[in-house]
Amino acid sequence: MTITDTPPGGDTVVAPTETTSKLGDRIFGGISLGAGILILVTLAAVALFLFVEAWPTFGADPGEFNESFVSYVAPLLFGTIWAASLALLMALPLAVGVALFISHYAPKRIAVTLGYFIDLLAAIPSVVFGLWGIAVLAPILSRSVYPWLEDNLGFLPFFAGPASTSGRTMMTAAVVLAVMILPIITAISREVFLQTPRLHEEASLALGATKWEMIQQAVLPYGRSGVISGAMLGLGRALGETMAVAIILSPANIITVNVISNQNPNTIAANIALKFPESAGLSVNRLIATGLVLFFVTFVVNALARRIANSGFSGADG
Amino acid sequence: MTESVDTPISDVAVAALDAEIGLGNRIVVENLNIYYGDFLAVRDVNMVIEPRSVTALIGPSGCGKSTFIRSLNRMHEVIDGARVEGSVYVDGEDLYGPGVDPVAVRRKVGMVFQRPNPFPTMSIADNVLAGKRLNSRRINKSEAEDLVEKSLRGANLWEEVKDRLDKPGSGLSGGQQQRLCIARAIAVEPEILLMDEPCSALDPISTLAIEQLMNELKSTYTIVIVTHNMQQAARVSSRTAFFTIDGTGQPGYVVEMDDTDVMFSNPKQQSTIDYVTGRFG
């Protein structure tokens, strides 16, 4: 019955649209090529701006500033990487845990609601995070956590103290950064975990794996490169984050791993934001030169991440 | 055997006794209804599956063969809302009894799936060891090597892969991948091996290899295979059960079960005759 119901000319219907679809193909191809080129042009424009504006610093008379560019940028560079790494260290395990909870443990309704709230977290402006950090988090941490860390773990260089009473420390900044990068890592991890092929999960379960063993055997290896990509996007945001750090951190021109004292290395982005209004002439060039350094750091971090994500057998092959 | 007291059929007791004296693991299914939520997918299955033999489950698409075979190692529970009523006894023990851990059941009853599913991030050797590593975390190197060789030989794959055990399993052909999955399943030394259309994604030569393998494995394992291919059922199995369904939305059920040669030459039910002669399905 169903066979005779099929229109006899079914295949001829395609013919008239063939030329238009070819044209559509060409238009779409052109648009996507244009988009790709636009990205490269934008990147090149930013890089060019940084190079041109930073150049005078390197050619400047050494007597212009009372320190060399390297010794100026070193603490900033250290502070940037230090703050971002600490944030990532805190955010990554939490994000993977939350993503697994949403993708594999929570009942559907709770998972959807939780996912929604986490996405909402990503929409909060960084200045709000900064204010929250300085007004809420800093006092709490400086009252109850930092003194304890100094007393009990003071033998570690990280908690050597003296503990800040204002709470405007590297630790506070890193916690706020961690909260800020949590949503993006969670969202990406959740997506890749949900895409784990059912076949792989069942293969593991059929061997007698418990849920956690199944996750270790099938879900995490499959999601590995996705999680790394998410972590790198988060790290990128933490490296470049300006406002929250500028509000929270009490900066000094030093390099230290002590995360609970008043003397902290600033980050490049926050330093630019703080110094730019009061800078003129070569000082502006110097700030832009630090921006160029940040640009390179981000570049290197991304390249490294790509290498890590592509090493080993990729889960996406199968 | 206390089971014999409270169950009407003595098959269970017989099976328990068989297992005790080393005759293998007979599976006894009693009044099994399988549900997805409120939907009854398979109704009222009563079946005895003989140890150390191949039992084939045949029937048209959607008749619940796969659902049924997955209920034999509690894999169907992986789907939300899936549940059963009734009992499945292995060695006289009800797999659905109170306090029975599905994880323990699956270690005893292995499964091979429709499409080969080696873990893509693992090497061939690691794939074989995947189940063993779950059971006993630490396994020393020579033991592991022995187990890999033994399992791969058991799955007729050793000669083809022995030089590339550290290469990813996803680089093998479909038939080799499926034999790798069988090696992975038998590495944990299950008593029963369930195969859900293991050849449906394979070419005829790979299919032949798997069928030969089943012939060898049946001396050690109790094998249940779901297949769409009636010739395959006739070639590999000693007993065959025919499932069917009265219409979409209706539950599937067992029409009849008998020795395979009887099922294909002289079945009792008209619908079985229609199916095996190709008049429907």
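How much area do chain A and chain B bury between them, and what percentage of it is on carbon and sulfur atoms? Keep this question in mind as you look through the views below, which all come from a predicted model.

**View 1. Chain A meets chain B.** Here is the reply to our opening question: the two chains bury about 2,100 Å² between them, and 66% of that area is on carbon and sulfur atoms. The size of an interface is often given as the accessible area lost when the parts come together. If you would rather think in residues, 20 residues of chain A are in contact with 27 residues of chain B.

**View 2. Salt bridges and polar contacts link the two chains.** Across this interface there are 2 salt bridges. In one salt bridge, B:R70 pairs with A:E202, and their closest N and O atoms are 2.7 Å apart. The count of residue pairs in polar contact between chain A and chain B is 6.

**View 3. The side of chain A that touches chain B.** Two helices of chain A, α7 (198-206) and α8 (211-240), are the elements that give two or more residues to this side. The biggest giver is α7(A), with 8 residues. Sorted by class, this side of chain A has 9 nonpolar, 8 polar and 3 charged residues.

**View 4. A salt bridge runs from helix to helix.** Let us look at A:E213 and B:R107, whose side chains meet in a salt bridge with an N to O distance of 3.4 Å. The pair crosses between chains: A:E213 sits in helix α8 of chain A, while B:R107 sits in helix α4 (residues 102-108) of chain B. Over all chains, the whole structure holds 19 salt bridges.

**View 5. Helices α7(A) and α8(A) pack against each other.** Their axes lie 9 Å apart, at an angle of about 140°, and the crossing is right-handed. From α7(A), the contact uses A:H200, A:E201, A:S204 and A:L205; from α8(A), it uses A:E213, A:M214, A:Q217, A:A218 and A:V219. You can sort the residues of this contact into 4 nonpolar, 3 polar and 2 charged.

Conventions
Residues numbered from 1 in each chain as written. Chains lettered and ligands numbered in written order. Predicted model: local features only at pLDDT ≥ 70, side-chain atom pairs only at ≥ 80, totals over all residues. Heavy atoms only, no water. Contact = heavy atoms within 4.5 Å. Buried area = accessible area lost by both parts, 1.4 Å probe. Salt bridge = Lys/Arg side-chain N within 4 Å of Asp/Glu carboxyl O. Polar contact = N/O pair within 3.5 Å; in protein donor to acceptor, adjacent residues only side chain to side chain. Helix = DSSP H or I, 4+ residues; strand = E, 2+ residues; numbered from the N terminus. Nonpolar A, V, L, I, M, F, W, Y, C, P; charged D, E, K, R; others polar. Axes fitted to C-alpha atoms, helices over the stretch in contact; angles between N-to-C directions. Left-handed = near helix turned anticlockwise from the far one by under 90°.
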